[in-house]
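Okay, everyone, thanks for coming. Let me put the structure up, and then I'll walk you through a few places in it.

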Amino acid sequence: ILRQVEKECGWMYETRHDDGKKGKINYVIWSDVFVCPECASEIVFWENAVDIEDGKVLEQFQCPKCTASLSKRNVERSGSTSFDSLIGEAVTQAKQVPVRISYTVGGKRFDKVPDAEDLRLIQTIDSKGADNTLNPKRIPVGDKTGEPIRIGLTYVHHLYTLRNYNALAKFRSLSKSSKFWFVLSAVAFRITKRYGLTYQSGSWGAGGGPTNGTHYIPSLIKELNIIRMLGVAVNKRQSLDSRAFEACIASQSASKFEVCDNSLDYIFIDPPFGSNLNYSELNLVWETWLNVFTNNEEEAVENKTQKKVCLNIAR
């Protein structure tokens with residue numbers, strides 16, 4: 001399956017080295033674009049608000065055109081409008097641009113600023129539109145979904161770059177075994193736009209990860225090569241399958257516990273986390289790929305949108 005995905009989608013993860021040889025993309029850094037409140041010019045966050053050598057995001061930065069002193073608190077995101085073929089309408093979202101590519105050629109890793117060929121590749125991918133084998137799923141209004149909706153990410157497929165979404169959809173369409181659907185759900189979560197960029201071990205892009213418990217969208221995003229991530233996940237799954245163990249796993253409400261009395265030797269209780277983790281909202285990403293959704297009517301959470309509140313009863 002992975003070989004077939006690579007055959008059909010691998011071209012989307014190619015970039016050219018300075019000697020003309022093609023390399024394979026490891027990840028692409030995407031940056032927010034803001035608008036200067038003084039002169040209305042666009043400001044690429046990576047280029048103007050990041051100390052790349054020291055690996056720091058600056059609290060204060062200057063507009064490259066008018067030199068006004070700015071911070072993220074007094075700038076607005078620039079918007080970008082495009083036609084979404086999957087839902088058949090135009091969408092306006094926060095604008096992000098690719099600013100750096102990490103790639104491998106000849107067994108060695110390199111970094112580069114995206115060149116004209118890289119930008120044309122992204123345009124070609126965008127022109128083909130999103131894979132339509134999976135029905136689009138609108139992100140519902142909820143306690144933890146306000147951030148993506150606010151910047152125009154109103155459907156689950158908006159949480160992905162088009163190349164990652166299409167490659168993941170190809171893997172999904174080729175997968176018939178349930179164990180590969182397990183892989184799909186794990187990678188579907190890890191590859192979303194929520195995968196933020198951090199500084200670690202001397203280079204940008206070395207660390208980072210999803211912010212737990214929320215649909216937070218960072219200003220610097222690391223778009224990972226999803227085909228490579230699928231390969232890693234499949235290998236882990238195969239390793240798990242090779243282990244000999246016996247277990248019975250069930251998922252059910254504690255109010256309808258279908259287990260015989262006096263049959264359990266040990267119980268580990270992982271309690272609901274009140275308003276910190278809204279499970280059904282956070283599960284929406286991989287549930288969309290699996291096409292199985294949580295019925296949240298009896299979900300034990302605090303959620304104003306669902307009109308569920310914690311009552312403090314004094315005795």
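Quick reminder before we start: this is a predicted model. I'd like to begin with the second largest pocket. Its lining splits into 13 nonpolar, 12 polar and 6 charged residues. Altogether 31 residues line that pocket, and the space inside comes to about 1000 Å³. If you want to find the middle of the pocket on screen, look for W30, S82, Q93, D126 and L162, since those lining residues lie nearest the centre.

So who supplies the lining? Several elements give two or more residues to the second largest pocket: the strands β9 (79-84), β10 (89-94), β11 (96-105) and β15 (220-224), plus the helices α3 (116-128) and α5 (162-174). Which one gives the most to that lining? That's α3, with 6 residues.

Keep α3 in mind, as we'll meet it again in the cavities. How many cavities of 30 Å³ or more does a search of the whole structure find? The search turns up 3. I'll just show you the second largest cavity, with about 40 Å³ of space. Around it you'll see E14, I25, V28, P98, I101, D118, L121, I122 and R163. By class, that lining has 6 nonpolar and 3 charged residues, and no polar ones. Here β2 (22-35), β11 and α3 each give two or more residues, and α3 gives the most, with 3.

Last stop: a pair of helices. Two packed helices are described by the angle between their axes and the distance between the axes. Our pair is α1, residues 2-9, and α5, which pack at an angle of about 140° with their axes 10 Å apart. That angle makes α1 oblique to α5. And the hand of the crossing? The crossing of α1 and α5 is right-handed.

If you zoom in on where they touch, α1 brings L2, Q4, V5, E8 and C9, while α5 brings A167, K170, F171 and L174. Sorted by class, the contact of α1 with α5 has 6 nonpolar residues, 1 polar and 2 charged.

One link to take home: α5, the partner of α1 here, is also among the elements lining the second largest pocket.

Definitions and conventions:
Residues numbered from 1 in each chain as written. Predicted model: local features only at pLDDT ≥ 70, side-chain atom pairs only at ≥ 80, totals over all residues. Heavy atoms only, no water. 1 Å grid on protein atoms, 1.4 Å probe; cavity = no way out; pocket = protein on both sides within 12 Å on 5 of 7 lines; lining within 4 Å. Points joined across faces, edges and corners; volume = space filled by probe spheres on them. Helix = DSSP H or I, 4+ residues; strand = E, 2+ residues; numbered from the N terminus. Nonpolar A, V, L, I, M, F, W, Y, C, P; charged D, E, K, R; others polar. Axes fitted to C-alpha atoms, helices over the stretch in contact; angles between N-to-C directions. Parallel < 35°, antiparallel > 145°, perpendicular 65-115°, else oblique. Left-handed = near helix turned anticlockwise from the far one by under 90°. Contact = heavy atoms within 4.5 Å.
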